Amino acid sequence: MAVVNMDLGKESYKIEIERGLLPHIGEKIRKLTKAQKIAVITDNHVQAIYGDKIRESLQQGDFHVRIIEMPAGEENKNIHVLEGVYNELCDFNLSRDDAIVTFSGGVPGDLGGFAAASYMRGVPFFQVPTTILAQIDSSVGGKVAIDLPGGKNLAGAFYQPKGVFIDPDLLDTLPTRYVHDGLAEALKYGCIGDPELFELLENIGSEEDLRNHMEEIILRSVLQKKKFVEEDRYDNGSRQMLNFGHTIGHAIERYFNYSTYTHGEGVAIGMCLLTEQTERLGITEKGTAERVIRAVHHLSLPTSIAVPALELIPEIMHDKKRRGGEITLVVLDKIGKAHLLKVKTSELDKYIVTE
């Protein structure tokens with residue numbers, strides 16, 4: 001088992017990574033809380049496969065359990081679904097001495113975490129992520145949110161979990177598309193800070209090879225996330241480096257109303273398009289874009305989009321990283337090294353070319 005300590009003072013917690021962890025979640029959480037009740041926030045896909053197993057595990061930890069099931073999909077990470085979750089928490093009579101477990105991918109993790117942060121002004125919660133994307137990114141670092149009609153993650157909070165439990169075996173039932181969706185975030189970590197992780201991903205030979213390296217991919221990714229979160233808990237400086245590919249990626253997701261491209265696919269396209277341009281502008285080392293595009297393609301992810309850049313720019317204007325007439329982009333110097341670049345929104349067309 002790998003254990004990563006997230007050092008955040010009074011908000012510190014441990015991230016445990018181990019195959020076969022799910023049956024032991026209840027006993028592990030019991031050591032961290034005196035809660036009598038636990039509300040598990042999950043989606044209908046995960047509930048159908050693992051709902052009975054998470055209930056049994058938590059009951060073995062001597063918890064009274066309520067499963068709160070929400071519909072799967074980014075389009076459901078909204079205030080209406082959140083209201084339904086609040087109502088179920090009230091019906092369960094969950095108190096501030098009890099706890100919430102988010103058990104699924106990034107959508108229930110984000111929405112459930114925001115429910116935990118806001119219900120009764122804060123209830124302890126634990127993350128048990130079931131997708132690669134959630135295991136290496138959204139479950140770590142304390143960003144919780146819902147989407148608004150005006151944009152993604154516009155209502156949210158910084159609220160750290162009390163523990164994160166990552167079981168790579170849960171990925172065995174994940175559709176192949178969503179395995180590769182999560183690998184876009186792992187590739188991002190390689191691009192901005194871990195060239196050895198990048199090389200590992202660009203040389204993966206098969207799905208079996210990928211599975212054999214999955215624990216290493218998860219651990220290396222989590223260590224990168226840990227570094228940036230500890231440096232910049234509230235996302236005012238270096239933590240923004242984690243947004244590499246996301247400004248364009250979020251715009252693509254929004255443009256297609258979260259129905260055509262997954263989050264990871266949008267990020268993959270964003271990394272490729274931006275790096276092509278920054279290399280042309282002399283900001284990025286020559287040959288870097290070719291490596292990024294080749295690695296993205298190797299992971300069966302899209303590298304481009306048939307949408308004029310001018311149609312994406314209005315979507316970028318809804319990005320929460322925009323400050324007045326400026327927005328901060330994450331650009332590569334080379335594989336393994338990146339920096340933040342403030343760009344005038346009037347000049348975004350220099351950095352985003354899709355045709």
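**Notes on the predicted model: cores, helices and a small sheet**

1. Let's start inside the fold: setting aside neighbours within four places in sequence, Gly 270 is in contact with Gly 245, Ile 248 and Gly 249. Please keep in mind throughout that this is a predicted model. Gly 270 lies in helix H11, and with a relative accessibility of 0% it counts as buried. For a sense of distance, Gly 270 and Val 140 are 130 residues apart in sequence, and their C-alpha atoms are 22 Å apart in space.

2. A word on the cysteines, in case you are setting up protonation or bonding. The whole structure was searched and zero disulfides were found. Cys 272 is a good example: the closest cysteine sulfur, in Cys 191, is 8.6 Å from its own sulfur, which is too far for a bond, because a disulfide requires the two sulfur atoms to be within 2.5 Å. As for surroundings, Cys 272 is buried, at 1% relative accessible area, whereas Cys 90 is partly exposed, at 43%.

3. The largest nonpolar core is made up of 68 residues, and Ile 15 and Val 292 have the most contacts inside it. Helix H6, residues 176-192, gives the most to this core, namely eight residues. There is also a second, separate core of 22 residues, with Ile 68, Leu 82, Phe 92 and Ala 117 among them.

4. Val 292 deserves a closer look. Not counting residues up to four places away in sequence, Val 292 touches Cys 191, Phe 198, Met 271, Cys 272, Leu 332 and Ile 335. So two cysteines from point 2, Cys 191 and Cys 272, turn up again here, with their sulfurs 8.6 Å from each other and both touching Val 292.

5. Val 292 belongs to helix H12 (residues 288-298), where Thr 288, Ala 289, Val 292, Ala 295 and Val 296 are buried. Why do they fall on the same side of H12? Because they cover an arc of only 135° around the axis. On the other side of H12, Glu 290 and His 297 are exposed. The cover over the buried residues of H12 includes H6, helix H7 (195-202), helix H11 (263-280) and strand E11 (326-334). Just after H12, Ser 300 takes a positive phi of about 60°, which you may like to check in your own backbone plots.

6. Next, a charged residue you might want to inspect. Lys 225 sits in helix H9, residues 214-231. Is Lys 225 buried or exposed? Lys 225 counts as buried, since its relative accessibility is 5% and the limit for buried is under 20%. Its side chain reaches the backbone oxygen of Asp 137 at 2.5 Å. Residues up to four places away in sequence aside, Lys 225 touches Ile 136, Asp 137, Ser 138, Val 140, Tyr 189, Arg 239 and Leu 242.

7. Finally, the sheet. Three strands form an open sheet in the order E10-E11-E12, with antiparallel pairing. Strand E10 (322-323) and strand E12 (337-344) stand at the edges with a single partner strand each, so one side of each has no neighbour in the sheet. E10 and E11 run antiparallel and are joined by two bridges, and Arg 322 stands opposite Ile 327 in E11. Strand E11 also links back to point 5, being part of what covers the buried residues of H12.

Note on methods: Residues are numbered from 1 along each chain as its sequence is written. This is a predicted model: local features need pLDDT of at least 70, side-chain atom pairs count only at pLDDT 80 or more; totals for chains, interfaces and linings use all residues. Side-chain values use heavy atoms; hydrogens and water are left out. Buried means under 20% relative accessible area, exposed over 50%, partly exposed in between (1.4 Å probe, protein chains only). A nonpolar core is a set of buried Ala, Val, Leu, Ile, Met, Phe, Trp, Tyr and Cys residues joined through side-chain atoms within 4.5 Å. Helices (H or I, at least four residues) and strands (E, at least two) are DSSP runs, numbered from the N terminus. Contact means heavy atoms within 4.5 Å. The arc is that of the directions from the helix axis to the C-beta atoms. A polar contact is a pair of N or O atoms within 3.5 Å; within protein, one must be able to donate a hydrogen and the other to accept it, and residues adjacent in sequence count only if both atoms are side-chain atoms. Two strands pair if DSSP finds at least two bridges between them.
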